[in-house]
Structures are given as structure tokens and as C-alpha cells.
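Visitor: I am new to this structure. Please give me a close look at a single part of it, in one connected account.

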Amino acid sequence: MPLLRPRRGLLRPGRGRWLHLPAHGGGPGLPAAMRRLLSGRPGVWDLPELPAIGGPLLENGAVAASQHAAAAAYGVDRCWYGVNGATGMLQAAVLAMAQPGQALLMPRNSHRSLIQACALGGITPVLFDLPFLVDRGHVAAVDAVWLERVLAVVEAEGHQVSGAVLVQPTYHGYAVDPGPLVALLHQRQLPVLVDEAHGAHFLPGIDPHLPGSAVHAGADLVVHSLHKSSTGLGQTAVLWHQGGRIPIEALQRSLSWLQTTSPSALLLASCEAALADWQTLDGRRRLKHLLHQARGLHARLRQQQLPLLATTDPLRLIWHTGAAGISGLDADAWLMPRGLVAELPEPGCLTFCLGMTTRPRLAAEMLRQWRALKASQPFEKALPPFTPPPLPLVASPHMACGKAWCAPCQQLPWADAVGAIAAEMVCPYPPGIPLLVPGERLDVSRVNWIEQQRRFWPDQISSRVRIVA
């Protein structure tokens, strides 16, 4: 089968080339316990919810005991392991936070799973805009000053929200200390869900230069993707709960709606192993070493004039290809067949995930590939600045997301859709971040901006949009 025979030479673990997710880098970054399990007889770990094993939503069995131990180790009240990635955990959290007809405050870089949960639960997303970095086309991390402005507009415009969602860190690794943000929202009696899918490694006592975790900042609910920012297998995640703002019963109920009744024992074991790994002295030393190694790699590449963008998370390495007049999409297409596979190509950048494994000789390899890439491209000046989306600071869809999603619809060219209501999400890269959500009304400036984005993303953004008929 083609899936079992990846292109020879393209994906070779341990050679400094697995620079995409999952963070275990093709296996070397997995905890020792998981490597031992996977090296045994195939299939012995494929078990049902036997009484001795149980499952994430059962009160007895090994899984329940493991979850209680993990919650105690992380200093929270409860946690649940997830086998449907951060997506399933985020959706369950949203459905537990708000009732049908209520609203939640969310940033514009919320993952599509959060918008889908709103559609499923009859919840209105009140979306707030984000600071924009025009040199690269990225949104920046939201700080307390920005959030204060957002909350002032929310209150002035009379939006009644039942809770708030934050994204920390961003896909690119931009982050701030979440403590002041959580405190601002708690002052207004709002429960807080933090999508910290890319920040499971922001642990206390590991690195003084990293921002703190939302878990230790007091957020009511925090979701970690264990395959994105820890040593778990794909689809592994954990939902942390603390405090009394969100009832345990509501979470259990929403999890039971969205979680499979036949969870993979292998993935549950991977959740346990990933969380336990960083509670050991050896695991914490290894993480410290990886962060130190990543900072050294950044410094060496900068010394050799490879244009890198600064980001809070050292395990994200961003080539600013636009500074050399090269599209990140073109750079990715050129590098991939040569064995250097990135996580995230974009018009102005190429982002690599260094992950949870050592990268011998990676600096020399990157410098060689960068120089060869530049030599292969006609010399051009730096790409022009990117245009921020023309959005108000705070806005909610004109029509309920779920109603727009299910309504009779038609497809029109973008230019003919001015004044119409969107019936779909539009999501180029970063994966899952929508430029448009169902129920939003399309005005001229928004249509023109999306048409501009479509020129950057011709394969990801269609020339036609689905609108409510």
C-alpha cells in the first residue's frame, strides 16, 4: 500500500529532516515506555475497554487512575485523555461552557473546531481581531493591553458573553504570559478556555525564558495536543479542568457526545507516557536540553545570515523567505524533494517544528539548502508587506453559524458575493484557521481582501464561495 511505503529518502528519522508534526520526529522523540511497547508483538496493545483498563469517561480502571495521577501531578482538579486530538477536546470544552443561544468571546485565530462546536451547540462566537505583523503576514500574540481594548468594545456594544477562549501560543510560537489575560477575564466572572495545543511543553521550572502555561495561570479549561507539543502519538490530547466555574458534569456530558466509545488503548497509553515523561528528572532534563539546543541552532543560523523570525517558542524555527523575495510555498516545493520537510509553508515564510528529538548536523544542512535555494531563484527584492484583514475589533456573525451552515446555499464567484452571508468556512494555512466563518456577511473590503489571499493560496481558496441562498 502506498501509505506504508513513503517515498524513499524523504522521511528519514534521526537525520535532521523530520521538521514537521508529530513532534516525536518519526519515533526518536517518543518516551522510552512507548518505544518498548511498539517494539513488541504487533497488536498486543489493541485492547477494548476491559474492566481492568476502563476508559477516559469511566470512574474505575487503569485509565481513570492514570488521569487522576496526571491531574495531581499537574496541580489541577481533573483531566481527561483524548484520542480525537485537540479538536475533540476543544469542542467538548466549548459545549460545556455555553448553552444554546449563549455567546463565547473568541480570537480570530481560533481553530475551526471551535467554530464547528458553536454551530453544533447553537452558540454565537463573538470574534475579536488580533494584532497583525505586516512583514510576515502573521497574527501576533494578544497581550493584556489588547485584551482590555477588546473587552471595552464588548461591553460598549452590549455583547453578552458566557465565557472566553484564548489561543496560547499561536501556531508560529508567538506567546505571552497568560496570567494577566486570565485574570482580566476572571475579574468579569468569565470562565476561560485556553487552546494551548502548541504549548504543552511550557512547564514550570524548565526554562525561565518561556512564558508560563495557562494551566498554572489558573485557566478553567486548558487543552494540550500531545502530538504537537509533547511526545505523544498523533491524535493524543488532554483536557485539564480546575476551579468551579465549569461543572464537571457538563464536561463529562459533552465529552460523552464527542468521544468514541471504543478509544484506542495505544493512544491512551501514549497520553499517559507523554505526560509522565516530563514528570521524571530525566524527561525534564531532556526537554531543557532540547530548548537549549534549539536556541543554539537559531543563533548559528542568524550568524550565517539565514533570515529567521523571532518567536517565543525556540522549538519553532521560521525562515523569513519573503525577505529574500521567495515565497514560502515555492521554497517548500523546492526543499521537500531534497529531504528537508517543513511543517507550515506560507506566502512569506516557512516554519519548521524542531520537535522533541535532537537534530545533529541540522544547522549545516539548513545553511546548505538555503544557499542552494537562493541560487536556484532569480534575484528579487523582498516581498511587499502583507495587508491585514479589514475587520472590526469585535464582531459576531450576522446569522447563527449552525443556521448558515445548514441553510440552502449556492456558489458564486467572490466578486458576486458582496452583501451575501457565508455558508462555509474558508481555511487556507495555517491549518484550520478560518478567514471566514459561516454566518458572516461579506462586504466589499472583505471580498477584496480574500481575493488577494486567494492569489497567495490558489490551491487552498476556491474561486467561488458558498453563500446562503
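Guide: The largest cavity has a volume of about 100 Å³, the space filled by probe spheres set on grid points joined across faces, edges and corners. A cavity here is a set of points on a 1 Å grid over the protein atoms alone where a 1.4 Å probe fits but cannot get out. The model is predicted, with pLDDT of at least 70 required for local features and 80 or more for side-chain atom pairs, while totals for chains, interfaces and linings use all residues. Residues are numbered from 1 along each chain as its sequence is written, and side-chain values use heavy atoms, without hydrogens and water.

The whole structure holds 4 cavities of 30 Å³ or more. Thirteen residues line the largest (an atom within 4 Å of a point); Ala 141, Val 142, Leu 166, Val 167 and Leu 181 are the closest to its centre.

The account now turns to a sheet. Four strands (DSSP runs of E, at least two residues) form an open sheet in the order E10-E11-E13-E12, with antiparallel pairing (at least two DSSP bridges). Its edges are strand E10 (308-309) and strand E12 (344-345), each of which pairs on one side only. Strand E10 meets strand E11 (residues 316-319) in the antiparallel sense over 2 bridges, and Leu 308 has Trp 319 of E11 as its bridge partner.

Strand E11 in turn pairs with E13 over 4 bridges, again in the antiparallel sense. Within this pairing, Ile 318 stands opposite Thr 351 in E13. Thr 351 is also the bridge partner of Leu 344, for E12 and E13 pair in the antiparallel sense over 2 bridges. A hairpin of 4 residues joins E12 to E13.

Both faces of E13 are covered. Leu 350 and Phe 352 on one side, and Thr 351 and Cys 353 on the other, are all buried (under 20% relative accessible area, 1.4 Å probe, protein chains only). In a regular strand, side chains alternate between the two faces of the sheet.

Trp 319, already met as the partner of Leu 308, is buried, as is Phe 352. These two form an aromatic pair (ring centres within 6.5 Å), 5.0 Å centre to centre, with 55 degrees between the planes, and the pair is tilted (neither under 30 nor over 60 degrees). Trp 319 lies in strand E11 and Phe 352 in strand E13 (residues 350-353), so the pair ties together parts that are 33 residues apart in sequence. With Trp 370, both belong to one aromatic cluster.

Note on methods
1 Å grid on protein atoms, 1.4 Å probe; cavity = no way out; pocket = protein on both sides within 12 Å on 5 of 7 lines; lining within 4 Å. Phe/Tyr/Trp six-rings, centres within 6.5 Å; stacked < 30°, edge-to-face > 60°. Buried < 20%, exposed > 50% of the residue type's maximum accessible area, 1.4 Å probe, protein only.
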